[in-house]
Amino acid sequence: MNSNRISIKFAGESGQGINTVGRMLTQSLNRLGFYTFSNREYPSLIKGGVASYQIDINDKKIYSSTKKINILCTLTEKSLHTYIYDISQNGIIIHDGKEIEFTPEEEILIQKNNIEVIYLDSKKIALEAGGIEIMANVVPLGYIWKILKQNSKILIEEVLELLKGKKIDIEAEKACILAGYNHPSYRDIMGRNINIPTTQNRKLLMSGNEALALGALAGGMRAYYAYPMTPATSIYKFLGDTANETKIVVKQAENEITAVLMALGSMYMGTRALVATSGGGFDLMTETISCAGISETPLVVILAQRIGAGTGVPTWTGSGDINTAVKGGHSDFPRCVISITDIDSAFKLIQKAYNIAEKYQIPVIILTDKQIAESIYSTDSLPPIEKIERNLNRSETRYKITENGISPRWIPQKGHTPYLHTSDEHTEKGYSTDNADEVIEMSDKRERKNQLLETEIPQPTYYGKENAQIIFVGSGSTKNAVLDAQSTGQNIGYLSYEYIQPLKTEALLKIVKSGKRVILIENNQTGQLGNLIKEKCGYEFKEKLLKYDGRPFFLDDIIDYINK
């Protein structure tokens with residue numbers, strides 16, 4: 001792996017401020033100009049269990065986490081035992097508390113891999129420094145900053161910036177950071193291949209959900225409706241926190257059905273609206289999505305995936321809702337399904353989603369997953385803003401039969417031609433009908449929109465060198481671990497499916513025909529994207545790398561798989 005890349009993990013219980021201290025370190029490293037990728041794991045508990053926050057650091061752009069950790073900072077004994085087997089050779093353990101008893105297997109691991117174990121009683125250190133117990137989490141933060149050989153002034157400034165507006169004793173907070181930074185147990189352990197020289201260019205730090213929210217705003221979204229559901233909830237929080245500045249409507253509905261109906265009504269009246277949910281909530285929305293399909297009302301829905309049927313494992317990642325997005329809802333109607341891969345595609349593709357929804361008058365479903373939604377990416381800049389295309393066209397006939405399937409659409413308003421708009425099958429003028437010929441004619445008209453959309457969306461995007469003989473094929477966050485593997489010198493390619501419905505397979509079949517080794521990579525148990533590809537063109541993947549334990553693909557997973 002790249003020797004300039006290191007990983008640091010904080011681990012403890014939910015409620016111990018793991019996320020806060022992780023964000024503090026991420027932001028401080030960003031101040032130095034490094035690229036980072038930060039990801040958190042947590043149980044579905046307010047307090048307790050094992051939670052963690054991992055920051056991967058590099059001098060070039062990174063997109064995923066490594067499984068192996070260079071520095072593990074644990075706040076509970078349980079979290080230490082959970083993650084000790086993930087520590088890399090010559091790694092460091094910083095345990096907040098008194099000495100603990102390792103198992104015989106753990107002792108062998110520590111000795112075999114030359115792991116340094118350091119104990120800090122952070123609460124005691126914080127109190128002795130003039131702070132209070134809640135300030136204890138910045139003590140190991142200061143200690144790690146010293147290991148990284150960085151200026152304490154930068155860390156202090158970034159920590160205080162994050163705590164701005166909170167009622168804290170600033171001088172005590174600074175004293176606790178410095179107490180960790182200057183702790184007498186510190187010794188130079190930089191011989192453990194931890195080396196991050198200071199750079200200059202500060203990056204943008206952003207989660208996938210924040211990028212989706214910003215992209216929606218850039219795309220003209222002016223109303224957001226939701227019922228909170230992990231991992232989509234932080235979109236609601238971000239838009240709610242900024243509503244005074246953006247002047248948009250943000251409304252929490254009593255359930256997912258109401259939320260999607262509000263979005264549908266807003267879009268019908270000409271306001272670009274957005275609704276986001278996860279699997280169970282999306283199931284409740286499918287009747288309304290089907291209504292949008294037959295009434296030809298634009299609609300944009302974000303489906304943030306997690307792992308498992310039912311409630312499943314609600315705070316862990318997966319991509320098992322591809323079938324639901326493509327096929328959910330009763331009977332036949334055209335739709336578009338888009339799968340984002342990182343913050344760049346999140347910002348860009350949600351804007352395209354609105355343009356597609358309004359041009360084709362169809363529901364557009366945007367797939368993300370917990371790994372993308374909640375991870376913090378760093379980037380130099382976001383893609384350019386897309387041109388807003390409303391495609392409004394006034395006419396006397398709302399559902400006019402056209403050659404391309406797209407009928408005239410206009411916004412209902414006083415003084416202009418009204419039109420009938422219901423969820424029944426209808427004639428060109430909107431009157432309900434059960435006449436066989438009219439039903440076929442209108443159904444065929446809608447299907448022509450699907451055929452036109454397929455000609456206009458792009459082929460999946462290829463990443464990598466043309467001479468790569470191993471090509472991974474996937475969608476969503478699987479791209480990121482493969483791209484990181486490429487950056488370590490692995491000559492592999494990745495074919496990224498961002499548009500899943502309609503599905504285009506010409507680029508894939510060209511790769512297959514060339515005789516290269518083609519591997520399906522998915523974060524679900526059955527290879528749902530692969531099955532859709534088989535339905536479309538008949539090609540069945542002979543080799544599949546599937547992961548469905550709630551964890552994302554790590555950089556190590558890719559390298560281990562191709563080198564096995």
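This briefing describes selected features of the structure above, grouped by topic. The structure is a predicted model. Its features include an open sheet of seven strands, a largest nonpolar core of 81 residues and a second, separate core of 45 residues. Two cis peptide bonds are also described, one from Thr 230 to Pro 231 and one between Gln 501 and Pro 502.

**The seven-strand sheet**

- The strand order of this open sheet is S9-S8-S10-S11-S13-S12-S18, and its pairing is mixed.
- Strand S9 (249-252) and S18 form the edges, each of them pairing on one side only.
- On average, neighbouring strands of the sheet are turned by 20 degrees against each other, direction ignored.
- Within the sheet, strand S10 (residues 273-277) and S11 run parallel and are joined by three bridges. Val 275 has Val 301 of S11 standing opposite.
- Helix H12 packs on the sheet, where it touches S10, S11 and strand S13 (363-369). The direction of H12 makes about 160 degrees with that of S11.

**Strand S19 and its neighbours**

- Strand S19 spans residues 517-522 and is largely enclosed by the rest of the structure, because five of its six residues are buried.
- Strand S16 (residues 470-474) pairs with S19 in the parallel sense, over four bridges. Leu 520 in S19 is the bridge partner of Val 473.
- S19 is also joined by three bridges to strand S20 (residues 544-546), and these two strands run parallel. Here Ile 521 stands opposite Leu 545 in S20.
- From S19 the chain passes through helix H19 (residues 528-537) to reach S20, and this β-α-β crossover is right-handed.

**Nonpolar cores**

- In the largest nonpolar core, with its 81 residues, the members that touch the most other members are Met 221, Leu 274, Ile 356 and Leu 508.
- Helix H14 (residues 343-360) gives the most to this core, contributing nine residues.
- With residues up to four places away in sequence not counted, Leu 508 touches Val 473, Leu 495, Tyr 497, Val 518, Ile 533, Tyr 539 and Phe 541. Of these contacts, Val 473 is also the bridge partner of Leu 520 in S19.
- The second core is separate and comprises 45 residues, including Leu 75, Ile 154, Val 159 and Ile 376.

**Backbone geometry in loops**

- Most peptide bonds are trans, and most residues other than glycine have a negative phi. The following sites depart from these patterns.
- The bond from Thr 230 to Pro 231 is cis, with omega near 5 degrees. Pro 231 belongs to the loop between strand S8 (223-226) and helix H9 (233-241).
- Gln 501 and Pro 502 are joined by a cis peptide bond with omega about -5 degrees. Pro 502 lies in the loop between strand S18 (499-501) and helix H18 (506-513).
- Glu 296 is not a glycine, yet has a positive phi of about 55 degrees. This residue is located in the loop between helix H12 (279-295) and strand S11 (299-305). Its relative accessible area is 0%, so Glu 296 is buried.
- Asn 391 likewise has a positive phi of about 55 degrees although it is not a glycine. Asn 391 is in the loop between strand S14 (376-379) and helix H16 (436-456). Its relative accessibility is 37%, so Asn 391 counts as partly exposed.

Conventions:
Residues numbered from 1 in each chain as written. Predicted model: local features only at pLDDT ≥ 70, side-chain atom pairs only at ≥ 80, totals over all residues. Heavy atoms only, no water. Buried < 20%, exposed > 50% of the residue type's maximum accessible area, 1.4 Å probe, protein only. Pairing = 2+ DSSP bridges. Right-handed = clockwise from strand over helix to strand, strands pointing away. Core = buried A, V, L, I, M, F, W, Y, C linked by side-chain atoms within 4.5 Å. Contact = heavy atoms within 4.5 Å. Axes fitted to C-alpha atoms, helices over the stretch in contact; angles between N-to-C directions.
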